[in-house]
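Could you walk me through this one in the viewer? I would like to know what to select at each stop and what I will find there.

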Amino acid sequence: MELVQRYVSAVQRYLPEEQQAAIGRELSADIADKIAHQSEEAGRRLTDSEIAALLQEWGHPRRVASQYVPPQPLVSSELMPLYWQVLKLVLALLFVWQVLGASMTLLQAEQLRPVQFILQLTVGFFDEAATAFMVITLIFYAQQFGGPLQGWVQQAKWQATDLPPVERPWQQIGLGDSITELATTGFLLLLFWYPLWMPAETLAGLRVVLSDVVQQQRPVITVLLLLSVAFSIWCWLKPYWQQATLWVNLALNLAFICLLAWLASLDAIVAGTAQPLPELLELSDINRVLKHSAWLVGLYLLYETGRDLYRLWQLKKPASAA
Amino acid sequence: MTESRLDKMRGELRRGVLVLAVLASLKQPHYGYSLRKQLLDNGIDIDEGTLYPLVRRLAEQGLLDSEWQQAEGRERRYYQLSAEGAQLLQQLAAEWQLLNGALANLVENI
């Protein structure tokens, strides 16, 4: 019977302390009964190897223990959809926050260090994400003991008429898309308003700055970027394309295309300062790269404009005809 | 349909009626092994790992009464339907009759 005792002890190891004795006692009795009946059938005492085979068939101690006391999930199945939504939203916000933080470091640095930017972004994000993950999971775990969320989810009121009028798969706007837009426009706002937040010492050490002609248009560009931020937040709150949102997106994209075309047509987007540029780097090269980039982004936005027009045309047709 | 999928679905189907089968079997007192044998004799094969924890949980919910007794030189825990369990059994049995009748019509011509 030593094997049985070892088996029962192994099962008890996976059980809560307050239930170990009671379940162990019952399990021992059940196994003893099975051994007794098998011995009766065989007409002799079971050998150790036969008992070992019987226990093998009974199941792994961990599995047996989990059948007596099923593991408690950290988040209940009812709260799981809400948990994922909250987790994704918080992680997305943290990502935007990290992008902005890393961007500020990048812009404040005396030299462009893209690797440092990526490292800071990655390490910073995972550091904050781990904490957020732990805190959110703990909050949801605590709901199982009578927290308000459980009741709120169970009694959540909704009406079919409040559901978004989405008939085509492309009408759903992914959270990632809104976040990318928000992070990009936030970064550009920081870039255009560097004199506001950059320390005077760093400012004085800059080797390139926005050219005068670009700086003169800063208010117009800012308005455009702020509109884009507001639109991204709107898409975040109402994540589906409708005619109105498509028209706004179309208008914003056209405005950005005009802005980018204007930037690409300039002699210089950035100008030099009293500080010399690093060796092998010419101001004309920087401007050429920036202008080519403006063309490329403009072309992409042109594609989006065409796509939005096609989608608007699709929305005018009934879904069944699409 | 693959064998494993069939096994999985059969398992799910049986799990649904397991409580009813156990409660119905425990109108008379049984200890673990004898309960399993009784179910087996009635064509319901449940492995120990599923049956014994289930019986314990039903007892914890007050649906079964239990008592430790000495028999054949060792102790056994005997279970029997409690008053609350008997009431639930009646309700579940009625539900089962309804379901069985409805399903019988549905699967009749398969």
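The tour below goes from the sheet of chain B to the interface and ends inside chain A. Keep in mind throughout that this is a predicted model.

**Stop 1: the sheet of chain B**

Start by selecting the strands of chain B and colouring them separately. Three strands form an open sheet here, in the order 1-3-2, with antiparallel pairing. Strand 1 and strand 2 of chain B are the edge strands, each pairing on one side only. As general background, strands of a sheet pair through backbone hydrogen bonds, either parallel or antiparallel.

Now narrow the selection to residues 64-71 and 74-81 of chain B, which are strand 2 and strand 3. These two run antiparallel and are joined by eight bridges. Follow the chain through their hairpin, where two residues sit between the strands, and pick B:E72: its phi is positive, near 50 degrees.

Next, add strand 1, residues 30-31 of chain B. Two bridges tie strand 1 to strand 3 of chain B, again in antiparallel fashion. A handy residue to centre on is B:Y78 in strand 3 of chain B: B:E67 stands opposite B:Y78, and B:Y31 also stands opposite B:Y78.

**Stop 2: B:H30**

Stay in strand 1 of chain B and select B:H30. Is B:H30 buried or exposed? Its relative accessibility is 12%, and the cut-off for buried is under 20%, so B:H30 counts as buried.

Show the side chains around B:H30 and look for B:S34: a polar contact of 3.0 Å joins the two side chains. Then display the residues that B:H30 touches beyond four places away in sequence: B:S25, B:L35, B:Q38, B:R77, B:Y78 and B:Y79. You will recognise B:Y78 from the previous stop, where B:Y78 stood opposite B:E67.

**Stop 3: between the chains**

Zoom out and select the residues of each chain that contact the other. You should get 16 residues from chain A and 18 residues from chain B. About 1700 Å² is buried between chain A and chain B, with carbon and sulfur atoms giving 50% of that area. Highlight A:R25, A:E26 and A:D33: these three supply 32% of the area that chain A buries against chain B, more than any other three residues.

For the charged pairs, there are six salt bridges between chain A and chain B. Try the one between the side chains of A:K34 and B:E48, with an N to O distance of 2.4 Å. Nine residue pairs are in polar contact across the interface, counting pairs with both residues at pLDDT 80 or more.

Which helices of chain A each supply at least two residues of the side that touches chain B? They are helix 2 (17-42) and helix 4 (61-68). Helix 2 of chain A gives the largest share, twelve residues. Colour this side of chain A by residue class and you will find eight nonpolar, three polar and five charged residues.

**Stop 4: A:L15**

Finish in chain A by selecting A:L15, in the loop between helix 1 (2-13) and helix 2. A:L15 is buried because its relative accessible area of 6% falls under the 20% cut-off.

Apart from neighbours within four places in sequence, A:L15 is in contact with A:Q20, A:I23, A:A65, A:Y68 and A:V69. To close, draw a C-alpha to C-alpha distance from A:L15 to A:V64: the two residues are 49 apart in sequence and 9.7 Å apart in space.

Conventions
Residues are numbered from 1 along each chain as its sequence is written. Chains are lettered from A and ligands numbered from 1 in the order in which they are written. This is a predicted model: local features need pLDDT of at least 70, side-chain atom pairs count only at pLDDT 80 or more; totals for chains, interfaces and linings use all residues. Side-chain values use heavy atoms; hydrogens and water are left out. Helices (H or I, at least four residues) and strands (E, at least two) are DSSP runs, numbered from the N terminus. Buried means under 20% relative accessible area, exposed over 50%, partly exposed in between (1.4 Å probe, protein chains only). A polar contact is a pair of N or O atoms within 3.5 Å; within protein, one must be able to donate a hydrogen and the other to accept it, and residues adjacent in sequence count only if both atoms are side-chain atoms. Contact means heavy atoms within 4.5 Å. Two strands pair if DSSP finds at least two bridges between them. Buried area is the accessible area (1.4 Å probe) that two parts lose on being put together, summed over both. A salt bridge is a side-chain nitrogen of Lys or Arg within 4 Å of a carboxyl oxygen of Asp or Glu. Ala, Val, Leu, Ile, Met, Phe, Trp, Tyr, Cys and Pro count as nonpolar, Asp, Glu, Lys and Arg as charged, and the others, Gly among them, as polar.
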